[in-house]
Amino acid sequence: MLLTGGLKSLLPHVLRRIIRCNRLTISNTSGMAEGYKQANVVILHKSLADDFEKFCRANDGPLPLLHRSQPGDWKCPSLSSDSDIRTDCLQYRKYEHGACTGSLKSLKEYSEELKDMVTFYLGCSFSFEKAVQKAGIPIRNVEQNCNVSMYKTSVPCYSISMFHCNLVVTMRPIPESKLEAAVLATSELKEAHGAPIHMGDPGLLGIQDLSKPDYGDPVHLHPGDIPVFWACGVTGVEAIINCRAPLAFTHSPGCMFITDLKNDNVRSLGGVPQVHCISQDPLHFSIVSAEAAQKIRTLETLIGIDPGERGIVHLQRQGELLGACLALSHAGSVLITTGFPTHFTHEPPEENDGPPGALAIAAMLQALEKQVAIVTDQRAMDLNKKIIEEAVQLGILKKPIPLLSYQRESADSALMFLCENGNPGRPRFDHLVAIERAGMAADGNYYNARKVNIKHLVDPIDELFLAAQTIPGVTTTGVGDGGNELGMGKVKDAVKKHIKNGDVIACDVEADFTVVAGVSNWGGYAIACALSVLRSCDIHDRYLRRAVGFPRAPSRKLWLPALPSVTKEEKLLKTLVQLGVRSGKTASLEMEVDGLPFYNTHSLMIEKLL
């Protein structure tokens, strides 16, 4: 029997010959024939072949199709010389009516049946291991001399006819400092599953216990390692099980077909990927192209000007807009709050900075098919209802947004509001956004910029943001322009030092991401634009959909109309004026926001952002 030493450097045709002679003592092909492509194998009746090919094309992350044979063709000249699919995998599995009925070393005894069967060769992540190692990244399962870990997930693949299943993934522990290098090393190897589809907490994929893989072996994580998940060709095995074909064969997971093709031929997925952490609890990283990230940084710079000369430059933190929008992009349900009753001697006391920005965010979230609701003060419900109705009439919103209010009735009111039955494991919202929302100061009061306490006009919506800090999977964003807005607690020291009256008015409540703008509405517009940039990014879109289904970029026309425009914002501001909602700085009922004219100031900013 041949031992495992030296298998890394053997040429594929030599390895296939050794496997054919049944002379190996190993249980998987990980680390063998380094630099050459390996393939998952699915063999099924010719009557099912067309639909299975469509299933592969619709889910090319887990099922990158390298070759489809003719019925009864055991050779595969496009992938390998002198091969025989009946003998050249270490081990096979036989499936009858969806049940695994045996493991086999050879399929020769089924040669007659195979004459009416088609073989599919599908890309495998073992193919990229050499590229990962060349980038200086350890492959833990190779180090530990075991098979890679494979897990069934809760992520559904795109179904075609009788082929349906959930995604299967491989997991490789990667040191946190090497995450971006791992993504770079694999992103263009599309025929080996390409970039990871998830980095971080396995629970986000529905995986409960890493020590209990569904296929393969458990792989030990070293301190500082992050679990990184790639789409896996064993997804095809799950599809075979679910279709309940009378007879089918697959490779045994980890026992791949080794091809003669090198991994040199790469196909670009549209730019250089970057990795960003968007949540600590649960730990969650996202991917975006460098080009998209730079666009979003440009948006952040544009809104960072300080027309009111308040000193907001001292509050700005680079990258907060990108982090907030990546987190929002992953969210399924978003709660938005706005409302700053600075004009306490007027009715209504609200200012007109905040609602337009909130509606711009809401409009884009609607277009991206996310659930969105608004929470505001009980006394302002009627006003906000009218604003939302007008926004629908003006074409800003596709449909009305649920309008909620929050009151503290007991110690767990916030938890009951945010979670089903107050259960932190079942949050109703993934992300909370506050934009130009009065924020609670350290003394428990709420102050306008002139240091006037307006607590009697403000419901304690801050409590929702404080409670969100204790609920895993709920992230928060605060948008503000003066430091007294909800979420600005993250920069409160700078507010106290650099903003007029900051020692009194500074909001004490933090958000995970703090977007600082010259006018808060601009922050809302920038978030809408950044979400559009992200959805148009092929690299981010693939990560978002876990590399299953079809790219969503071609449907851009669905969300581009949701972007803010000068015309829409002009009409909305006129509506606010008619409803008596005043400019923040001057309390005037003119076409201005924060004392700045709409024309040639706000209109120009919208055009620049677009």
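Student: Leaving aside its neighbours within four places in sequence, which residues is M199 in contact with?

Tutor: A good place to start! Keep in mind that this is a predicted model. Among the contacts of M199 are L179, V183, I226, P227 and V228. The list goes on with V275, then the run L283, H284, F285, S286 and I287, and finally Y543.

Student: What larger group does M199 belong to?

Tutor: M199 is part of the largest nonpolar core, which has 89 residues. Together with I336, M199 has the most contacts inside that core. Helix α16, residues 520–535, gives the core its largest share, 10 residues. At least three residues come from each of domain 2 (135–233) and domain 3 (309–556). There is also a second, separate core of 46 residues, and V42, L44, L122 and V237 are among its members.

Student: H284 was on the list for M199. Is H284 buried or exposed?

Tutor: The cut-off helps here: a residue counts as buried when its relative accessible area is under 20%. H284 has 9%, so it is buried. This histidine sits in strand β14, residues 283–289. Beyond its sequence neighbours within four places, H284 is in contact with H198, M199, L204, H276, C277, I278, S279 and H330.

Student: Let me step back. How many helices and strands does the protein chain have?

Tutor: The chain has 19 helices and 22 strands. Its C-alpha atoms fill a box of roughly 90 × 45 × 45 Å along the principal axes. Of its 610 residues, 60% are buried. The exposed surface comes to about 23,500 Å², and carbon and sulfur atoms supply 50% of that area.

Student: What share of the contacts joins residues at least 24 apart?

Tutor: For this count, take contacts between residues at least 6 apart in sequence; 75% of them join residues at least 24 apart.

Student: And how many positive and negative side chains are there?

Tutor: There are 63 positive and 67 negative side chains, and the centres of these two sets lie 6 Å apart.

Student: How is the chain divided into domains?

Tutor: The assignment gives three entries: domain 1 (12–125 + 237–262), domain 2 (135–233) and domain 3 (309–556). Notice that domain 1 is written as two stretches of sequence. Taken over C-alpha atoms, the centres of domain 1 and domain 3 are separated by 51 Å. Their contact takes 6 residues from domain 1 and 5 residues from domain 3.

Student: Why is helix α7 described as largely enclosed?

Tutor: Count its buried residues. Helix α7 covers residues 235–243, and 7 of its 9 residues are buried, so the rest of the structure largely encloses it. The buried ones are T235, G236, V237, E238, A239, I240 and C243. Just after α7, R244 takes a positive phi of about 55°.

Student: What should I know about the sign of phi in general?

Tutor: Most residues other than glycine have a negative phi, and most peptide bonds are trans. That gives you something to look for along the chain.

Student: Where is N421 found, and what is its phi?

Tutor: N421 is in the loop between α12 (413–418) and β18 (431–437). Its phi is positive, about 55°, although N421 is not a glycine. With a relative accessible area of 69%, N421 is exposed.

Student: Is A587 buried or exposed?

Tutor: A587 is buried, with a relative accessible area of 18%. Its phi is also positive, near 65°. You will find A587 in the loop between α18 (566–578) and β21 (592–593).

Student: Which residues does a cis peptide bond join here?

Tutor: One cis bond joins D281 and P282, with omega about 0°. P282 lies in the loop between β13 (273–280) and β14. Another joins E347 and P348, again with omega about 0°. P348 is in the loop between β15 (333–339) and α10 (355–367).

Student: One last residue: where does L10 lie?

Tutor: L10 is in the segment before α1 (12–20). At 25% relative accessibility, L10 counts as partly exposed. Not counting residues up to four places away in sequence, L10 touches L15, I18 and A33. Its C-alpha atom is 67 Å from that of T567, a residue 557 places away along the chain.

Conventions:
Residues are numbered from 1 along each chain as its sequence is written. This is a predicted model: local features need pLDDT of at least 70, side-chain atom pairs count only at pLDDT 80 or more; totals for chains, interfaces and linings use all residues. Side-chain values use heavy atoms; hydrogens and water are left out. Helices (H or I, at least four residues) and strands (E, at least two) are DSSP runs, numbered from the N terminus. Buried means under 20% relative accessible area, exposed over 50%, partly exposed in between (1.4 Å probe, protein chains only). Contact means heavy atoms within 4.5 Å. Accessible areas come from the Shrake-Rupley method with a 1.4 Å probe; for residues, only the protein chains shown count as cover. Lys and Arg count as positive and Asp and Glu as negative; His and the chain ends are not counted. The place of a charge is taken as NZ of Lys, CZ of Arg, CG of Asp or CD of Glu. A nonpolar core is a set of buried Ala, Val, Leu, Ile, Met, Phe, Trp, Tyr and Cys residues joined through side-chain atoms within 4.5 Å. Domain bounds come from an automatic or database domain assignment.
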